[in-house]
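Me: I should like to understand how the descriptions attached to this model are justified. Please set each value against the rule behind it.

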Amino acid sequence: MATDAHGSDAEPADAYAELVERFERINGVQGAAGVLSWDQQVMMPEEGTPARSKQLSVLSSLSHELLTDDRTAELLDACEDLDLDDEGEALLREARREFERADAVPTELVEEISETSTEALGAWEGARAEDDFEQFAPYLEKLVDLKREYAEHIDPDRDPYAVLFEDYEPYLPLEQAEEVLETLKETLVPMIDEIRASDADVTTDAFEGEFPEDAQEELSRDVLTTLGYDWDRGRLDPSTHPFTSGNVYDCRVTTRYDETDPLGGLMATVHEFGHAYYNLGLPEEHFGTPLGESRDLSVHESQSRLWENHVGRSPAFWELVLPKFEEYFDTNASAREAYESANQVYEDNLIRVEADELTYHLHIVIRFEIERALISGDLDVEDVPEVWNDKYEEYLGIRPDTDAEGCLQDIHWSHGNFGYFPTYSLGSVLASQLFNAAEDDIGNIYGRVREGDFEALQEWLRGNVHEHGSRYETNELVREATGEDFTADYFVDYVRSKYGDLYDLEESV
């Protein structure tokens with residue numbers, strides 16, 4: 001019999017089953033909150049925020065109370081005495097990590113963060129629509145303070161940003177993430193400079209014109225069907241910011257449409273398909289338990305970026321999709337011209353979700369540097385717009401004219417998601433490594449894409465990533481899937497080859 005720090009005991013023989021059941025209950029509460037959050041961003045009436053704020057706050061506190069209850073601690077301690085298999089040990093590892101982080105944070109603080117972030121979402125939407133950062137600033141300032149307090153409860157002796165980063169990527173040290181970001185900067189800054197100086201004749205106008213929103217939605221649905229989206233377990237809706245929400249049984253994607261930019265909506269749809277396909281491929285037998293969860297955000301983002309960039313921005317994809325495109329719109333571009341336009345490097349793009357594949361990562365670096373400075377106290381909230389604009393001018397050579405196209409463009413800070421942004425670049429890097437390993441195993445993936453055959457790639461991803469859930473820590477999952485340690489080398493090789501060809505760059509870039 002095991003006795004826990006709270007002074008109670010539990011029978012080891014029954015503890016594991018009860019622990020699993022407890023986490024299934026916690027997952028049920030969190031899942032309900034996820035549906036309400038999806039509804040808030042997609043279907044809720046505009047004036048519904050006060051009620052929704054209270055509802056989500058109650059569910060957040062209930063989930064926290066279940067997780068940090070004395071009985072959870074008893075069960076975790078009792079399970080330490082069991083002879084578990086590898087999956088059981090992994091579930092116990094994930095459950096204990098969740099418990100220990102949650103147990104360190106007072107329920108009242110969890111409620112306050114939830115309620116504030118729900119209110120902040122509405123404030124962000126209004127501020128963005130009216131181009132008025134001052135509407136959002138008080139909520140951002142409060143969330144920064146609350147998240148500092150949250151990090152201090154978990155570990156007062158560590159860099160609070162590193163603690164927050166672990167909410168989204170617990171098994172890649174922040175130092176490893178910073179090394180990747182530094183590699184990307186060292187690679188991409190000179191490459192982008194050379195691209196801008198290049199006189200290569202790259203088509204940039206294949207998607208110019210007016211593209212009705214309803215036709216874009218029909219195209220997105222058509223492409224999702226072609227990619228293999230399970231409509232019996234999913235749906236597509238428009239939202240202010242594209243996102244994916246759900247689980248192995250019910251996973252929904254959203255996108256957004258701009259009638260002057262059909263590529264943006266289509267690529268966002270393909271991107272979100274990658275997230276959804278991952279969720280829909282998680283192990284059903286472990287649904288509701290920590291073992292049935294995805295392996296955190298870097299791996300999740302690797303799936304969306306793999307489908308968006310390695311598939312959706314490939315010549316083979318455009319040979320497949322252009323005939324569909326022409327069914328919905330009046331266009332006469334060739335597949336090569338569409339490919340070139342889909343991969344052009346913009347000189348003046350201010351919006352991260354509309355950025356090209358290369359400058360995208362400088363958008364991430366800017367957000368990473370700003371939010372880290374906010375959390376450390378080196379930057380005041382009121383100074384965010386000016387610092388944001390200065391960094392855009394320094395790194396990208398452009399300066400936003402409005403806060404709506406500047407520091408208000410992303411939804412993440414309204415959720416209090418500080419530490420989230422680095423996972424986007426980490427995911428892009430991992431996508432290259434995974435796609436290379438899949439190509440080695442399968443061979444001629446692009447030949448299959450050209451024919452609309454995605455089965456081999458999907459099965460490879462299912463077997464090497466999705467079906468493992470959270471059994472492996474991040475670096476271990478990468479080794480299992482690719483046979484190598486996590487590295488930026490494949491991403492560097494990929495972008496040098498792809499953009500070297502597009503823009504006639506020197507091989508020494």
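Me: What describes the packing of helix H13 (residues 335-342) and H20?

Reply: In this predicted model, H13 and H20 pack at an angle of about 115°, and their axes are 11 Å apart. Two packed helices are described by exactly these terms, the angle between the axes and the distance between them. The crossing of the pair is left-handed.

Me: Which residues make H13 and H20 meet?

Reply: Contact requires heavy atoms within 4.5 Å. On the H13 side the residues are Arg336, Tyr339 and Glu340, and on the H20 side they are Lys498, Asp501 and Leu502. By class this contact has two nonpolar, no polar and four charged residues. Tyr counts as nonpolar under the classes used, and Tyr339 belongs to the contact.

Me: What makes E3 and E4 edge strands?

Reply: The open sheet has three strands in the order E3-E5-E4, with mixed pairing. Strand E3 (236-238) and strand E4 (244-246) each have a single partner strand, so one side of each is left without a neighbour in the sheet. From one strand to the next, the twist averages 25°.

Me: How do you know that E3 and strand E5 (residues 251-255) pair?

Reply: Pairing requires at least two bridges between two strands. E3 and E5 have three bridges, in the parallel sense, and therefore satisfy that rule. Pro238 has Thr255 in E5 as its bridge partner. Helix H10 (residues 262-280) lies across E4 and E5, at about 165° to E5.

Me: Why is the space lined by Val299, Leu430, Leu434, Val465, Leu477, Val478 and Ala481 called a cavity?

Reply: The name applies because a 1.4 Å probe fits in a cavity but cannot get out. The count comes to one cavity of 30 Å³ or more, and the largest cavity holds about 30 Å³ of space. Its lining divides into seven nonpolar, no polar and no charged residues. Helix H19 (474-482) gives the most to this lining, with three residues.

Me: What makes up the lining of the second largest pocket?

Reply: A pocket, by contrast with a cavity, is an open set of points. The second largest pocket contains about 320 Å³ of space. Among its 16 lining residues, those closest to its centre are His310, Phe435, Tyr446, Tyr494 and Lys498. The lining has six nonpolar, six polar and four charged residues, and H20 gives the most, with five residues. Lys498 of H20 also takes part in the contact with H13.

Technical notes: Residues are numbered from 1 along each chain as its sequence is written. This is a predicted model: local features need pLDDT of at least 70, side-chain atom pairs count only at pLDDT 80 or more; totals for chains, interfaces and linings use all residues. Side-chain values use heavy atoms; hydrogens and water are left out. On a 1 Å grid over the protein atoms alone, a cavity is a set of points where a 1.4 Å probe fits but cannot get out, and a pocket is an open set with protein on both sides within 12 Å along at least five of seven lines; lining residues have an atom within 4 Å of a point. Grid points are joined across faces, edges and corners, and a volume is the space filled by probe spheres set on the points. Helices (H or I, at least four residues) and strands (E, at least two) are DSSP runs, numbered from the N terminus. Axes are lines fitted to C-alpha atoms, for helices over the stretch in contact, and angles run from 0 to 180 degrees between N-to-C directions. A crossing is left-handed if the near helix is turned anticlockwise from the far one by less than a right angle, and right-handed if clockwise.
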